[in-house]
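Okay, thanks for making the time, everyone. I'll put the structure up and then walk you through it.

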Number of protein chains: 2
Amino acid sequence: MSVEHDDLCSVQCIHEEKVAATIELMPSEDITQALAHIFKTLSDNSRIKILFALKHNELCVCDLAAVTGSSESSVSHHLRLLRADKLVKYRREGKVVYYSLADEHVEKIFEQGLGHVTE
Amino acid sequence: MSVEHDDLCSVQCIHEEKVAATIELMPSEDITQALAHIFKTLSDNSRIKILFALKHNELCVCDLAAVTGSSESSVSHHLRLLRADKLVKYRREGKVVYYSLADEHVEKIFEQGLGHVTE
DNA sequence: TCAACATTTGAACAACTGTTCATATGTTGA
DNA sequence: TCAACATATGAACAGTTGTTCAAATGTTGA
């Protein structure tokens, strides 16, 4: 009764000024969610492989399945997510759809990621 | 019987040379997995907020809970993942543990990510 | 028009993830 | 030593995700 969980307990060790100042500098919820979302799209091994495969060539779904060692259906599902986040673009040539990287951002993000991984 | 799924069907549209050349240029499984792993760690909104909060100050778990609006337990679980990937470091001062960014890689990765998001 | 094929889509399932709650660990000051 | 507190940890639960299988689109050449 005397010690409620939200009123006292969790306020005891807080550095108020620092917290207030930090909150001021925080980006909006929209931005943090957008960042989390793009990293989520990049957080799957199959999708990483697809993006690496597209680094030098445009490739069709069949090719990507062969390169990454997954089924065409699986690749297609992944490509849908990559398309939704504008990480890849595509063009149709007859029955075949060729995918390629949307821009060079992906490669730069990868470089930074690799920089952290291999340090 | 005549048309087996792995023998013929999925080999029909493949551009063999391009596929072979692309496979040559692919990074190792270890590398793609490591990349996927680091992006997975960055793919959660709470963890993104924690890292942004640590951009200017070192902060204790309580502070981080207040800034991010989550429970201390939740923050602590997230910090464990961030520690495991060497994205944050920490120092103990009495009962309080202060966390800070491990290096400037995180910020650079964020910059690239934001570049893609806000374009 | 039709068969063949490349791709996409949807449902279903197991595996994984984030949060909460309860409990444990460490640290301080009395 | 002990209570108080900051943090960490483990189990459990709902929600999400990646894959597979089956079926549906497009698209071409006959």
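**Two chains, two DNA strands**

Let's start with DNA strand C: of the 28 residues around it, the ones that come nearest are Tyr99(A), Gln12(B), Arg47(B), Ser73(B) and His78(B). Before anyone asks, yes, this is a predicted model.

So what part of strand C does the protein touch? Among the atoms of DNA strand C within 4 Å of the protein, 74% belong to sugar or phosphate, and bases make up the rest. On the backbone side, a phosphate oxygen of strand C sits 2.6 Å from a side-chain N or O atom of Arg47(B). Another chain joins in as well: the side chain of Ser76(A) has an N or O atom 2.9 Å from a phosphate oxygen of strand C. For a base contact, look at Ser73(B), where a side-chain N or O atom is 2.7 Å from a base nitrogen of strand C.

Which elements build that surface? From chain A you have α4, α5 and β3, and from chain B α3 and α5, each with at least two residues. The one that gives the most is α5(A), with 6 residues. By class, the surface near strand C has 8 nonpolar, 11 polar and 9 charged residues.

Now over to DNA strand D. There are 28 residues around this strand, and the nearest are Gln12(A), Arg47(A), Ser73(A), His78(A) and Tyr99(B). Sugar or phosphate accounts for 74% of the strand D atoms within 4 Å of the protein.

A few distances here. Tyr99(B) has a polar side-chain atom 2.5 Å from a phosphate oxygen of strand D. Cys62(B) uses its backbone: a polar atom there is 3.0 Å from a phosphate oxygen of strand D. And His77(B) goes to a base, with a side-chain N or O atom 2.9 Å from a base oxygen of strand D.

The surface near strand D draws at least two residues each from α3 and α5 of chain A and from α4, α5 and β3 of chain B. The largest share is from α5(B), at 6 residues. The class split near strand D is 8 nonpolar, 11 polar and 9 charged.

Okay, the protein–protein side. How many residues does each chain put into the contact? It's 55 from chain A and 55 from chain B. The area buried between chain A and chain B comes to about 5000 Å², and carbon and sulfur atoms give 71% of that. On the chain A side, Phe39(A), Gln112(A) and His116(A) lose the most area to chain B, together 13% of what that side buries.

For polar pairing, we count 18 residue pairs in polar contact between the chains, both partners at pLDDT 80 or more. There are also 2 salt bridges between chain A and chain B. One for your notes: Lys49(B) with Glu29(A), 2.9 Å from N to O. On chain A, the side touching chain B takes at least two residues from each of α1, α2, α3, β1, α4 and α6. That side divides into 28 nonpolar, 14 polar and 13 charged residues.

Last stop is α3(A). Why call this helix largely enclosed by the rest of the structure? Because 8 of its 9 residues are buried. Those include Arg47(A), Ile48(A), Ile50(A), Leu51(A) and Phe52(A). At its N-terminal end, Asp44(A) acts as the cap, with a side-chain oxygen 2.9 Å from the backbone nitrogen of Ser46(A).

That's my tour, so over to you.

Conventions: Residues numbered from 1 in each chain as written. Chains lettered and ligands numbered in written order. Predicted model: local features only at pLDDT ≥ 70, side-chain atom pairs only at ≥ 80, totals over all residues. Heavy atoms only, no water. Buried < 20%, exposed > 50% of the residue type's maximum accessible area, 1.4 Å probe, protein only. Helix = DSSP H or I, 4+ residues; strand = E, 2+ residues; numbered from the N terminus. Polar contact = N/O pair within 3.5 Å; in protein donor to acceptor, adjacent residues only side chain to side chain. Near = heavy atom within 4 Å. Nonpolar A, V, L, I, M, F, W, Y, C, P; charged D, E, K, R; others polar. Contact = heavy atoms within 4.5 Å. Buried area = accessible area lost by both parts, 1.4 Å probe. Salt bridge = Lys/Arg side-chain N within 4 Å of Asp/Glu carboxyl O.
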